Amino acid sequence: MSATPATPVISREWHLVARPEGWPKPEDFALREVELPEPGEGQILVRNVHMSVDPYMRGRMNDVKSYIPPFELDRPMDGGAVGEVVASRAEGLAPGDHVLHGLGWREYAVVDARRTVKVDPAAAPLSAYLGVLGMPGMTAYAGLLEVASFKEGDAVFVSGAAGAVGSQVGQIAKLKGASRVIGSAGSDEKVRVLIEEYGFDAAFNYKNGSVAEQLHKAAPDGIDVYFENVGGEHLEAALSALNPHGRITVCGLIAQYNATEPQPGPRNLAQLLAKRLRMQGMIVSDHEALRPQFFEEVGGWLRSGELKYRETVVEGIDHAVDAFLGLLRGENTGKMIVTL
Ligand code: NDP
């Protein structure tokens, strides 16, 4: 165990200062300087190296009851981060160690050691623990294999396919023997990446025309699994394209995260009945039991080069809100990371 630092640590952290109405504005956030307390017994001081911005954080900006509490106004926001231990009053963690923890959106954090996971920067780049080997990776793995009950030979359609979760869903499906993998994304360049880098069988830009028509062309024999990241027109198109006994994992509905009015449901819900489809929501934290299997299998694919990933990296805590807003606008390919 090591001593705490002699001089007080000054850190900058992002506070939510107003609840966004519709699209968040830069004025809804403030970067504030604070002096950190010294770590207490069982705590560590961490210098964050990378922090995560994720779509679910938009929901936490609303004052509504959900599966995770809302951000408080005039308090630091939180989220995934990886950093280096600077001082420790906890058994088993020493300065120079690296940890994954939940106090992102800030330069330094005093964290309870039991709420951290020690990570090895030699085994994978630190940022990977926020993406391909982290929460989005687990979401893809559990959402496809457990929630959608994927089986060899299934044809899989994933929306948001060039993002952190979507790009991994498509590749895992291919690695596990999907008969066909189709993705949709918001630019022609993303579509190119899906096909040329990730090996999708077909992909289309949902901004180029009707999703239903483009999906029908990309999957003339229909689909067995739809991995939903978007909602709206995508869900309607998928319901029409699904084969009997198809499954839908409802992972995210990003097309409606900034909506100010309740969004209408799909107009073709009757397809659910006629085709005996199963549609199930998911929250990644329910699938912790899969983690060892996830690390082993995804770690193996990364080492062998069979699974590829991209990151979009924004530099500097000052630009963390820009990174978050950019994520909602689709400026990322793969995981959006803020490097501090
Ligand atoms: P991504 O890396 O996919 O980034 C978000 C992407 O969403 C953007 O790049 C953009 O890409 C796309 N997007 C934004 N607005 C729209 C729109 N109106 N219509 C279609 N696409 C849009 O983020 P993640 O991989 O982290 O998350 C993907 C989804 O998974 C999200 O819905 C998220 O909420 C959900 N999620 C759910 C979890 C759970 O436990 N249920 C856990 C983690 C994530 P494009 O250029 O293609 O439009």
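Here is a chat about how some strands and helices of this predicted model are arranged.

Reader: What makes β10-β9-β8-β11-β12-β13 an open sheet, and which strands are at the edges?

Author: The 6 strands line up in that order, with parallel pairing. β10 (202-205) and β13 stand at the edges with a single partner strand each, so one side of each has no neighbour in the sheet. On average, neighbouring strands here are turned by 15° against each other, ignoring direction.

Reader: How do you know that β11 and β12 pair?

Author: Two strands pair if there are at least two bridges between them. Strand β11 (residues 223-228) and strand β12 (residues 242-250) have 5 bridges, in the parallel sense, so they count as a pair. As one example, I223 stands opposite L242 in β12.

Reader: And what joins β12 to strand β13?

Author: There are 4 bridges between β12 and β13 (residues 278-281), and the two run parallel. With at least two bridges needed, they pair as well. T249 has Q280 in β13 as its bridge partner.

Reader: What about strand β9 and β10, how many bridges do they have?

Author: Strand β9 (residues 180-185) pairs with β10 over 4 bridges, in the parallel sense. S184 is opposite F204 in β10. Helix α5 packs on the sheet there, touching β8 (155-158), β9 and β10. The direction of α5 makes about 165° with that of β10.

Reader: What kind of unit do β11, helix α6 and β12 make?

Author: Together, β11, helix α6 (residues 233-241) and β12 form a β-α-β unit, and a right-handed one. The term applies if, with the strands pointing away from you, the path from the first strand over the helix to the second runs clockwise.

Reader: Why are α2 and α8 called roughly perpendicular?

Author: Helix α2 (residues 135-147) and helix α8 (residues 291-304) pack at about 100°, with axes 11 Å apart. Angles of 65 to 115 degrees count as roughly perpendicular, and α2 and α8 therefore get that label. On the α2 side the contact is made by G137, M138 and Y141, and on the α8 side by R291, Q293, F294, E297, V298 and W301. By class, that contact of α2 with α8 has 5 nonpolar, 2 polar and 2 charged residues.

Reader: α2 also meets α3, so why are those two called oblique?

Author: The axes of α2 and helix α3 (residues 164-175) come within 8 Å and cross at roughly 45°. Roughly parallel needs an angle under 35 degrees, and roughly perpendicular starts at 65. The value falls in neither range, and α2 and α3 are therefore oblique to each other. Their crossing is right-handed. P136, G137, T139, A140, Y141, L144 and L145 in α2 meet A164, V165, Q168, V169, I172 and A173 in α3. The contact of α2 with α3 divides into 10 nonpolar, 3 polar and no charged residues.

Reader: What makes α5 oblique to α6?

Author: Helix α5 (residues 211-218) packs against α6 at about 40°, with their axes 9 Å apart. That angle is not under 35 degrees, nor in the range 65 to 115, so α5 is oblique to α6. α5 passes α6 in a right-handed crossing. V211, A212 and L215 of α5 make the contact with E233, H234, A237, A238 and A241 of α6. By class, the contact of α5 with α6 has 6 nonpolar, 1 polar and 1 charged residues.

Definitions and conventions
Residues numbered from 1 in each chain as written. Predicted model: local features only at pLDDT ≥ 70, side-chain atom pairs only at ≥ 80, totals over all residues. Heavy atoms only, no water. Axes fitted to C-alpha atoms, helices over the stretch in contact; angles between N-to-C directions. Parallel < 35°, antiparallel > 145°, perpendicular 65-115°, else oblique. Contact = heavy atoms within 4.5 Å. Nonpolar A, V, L, I, M, F, W, Y, C, P; charged D, E, K, R; others polar. Left-handed = near helix turned anticlockwise from the far one by under 90°.
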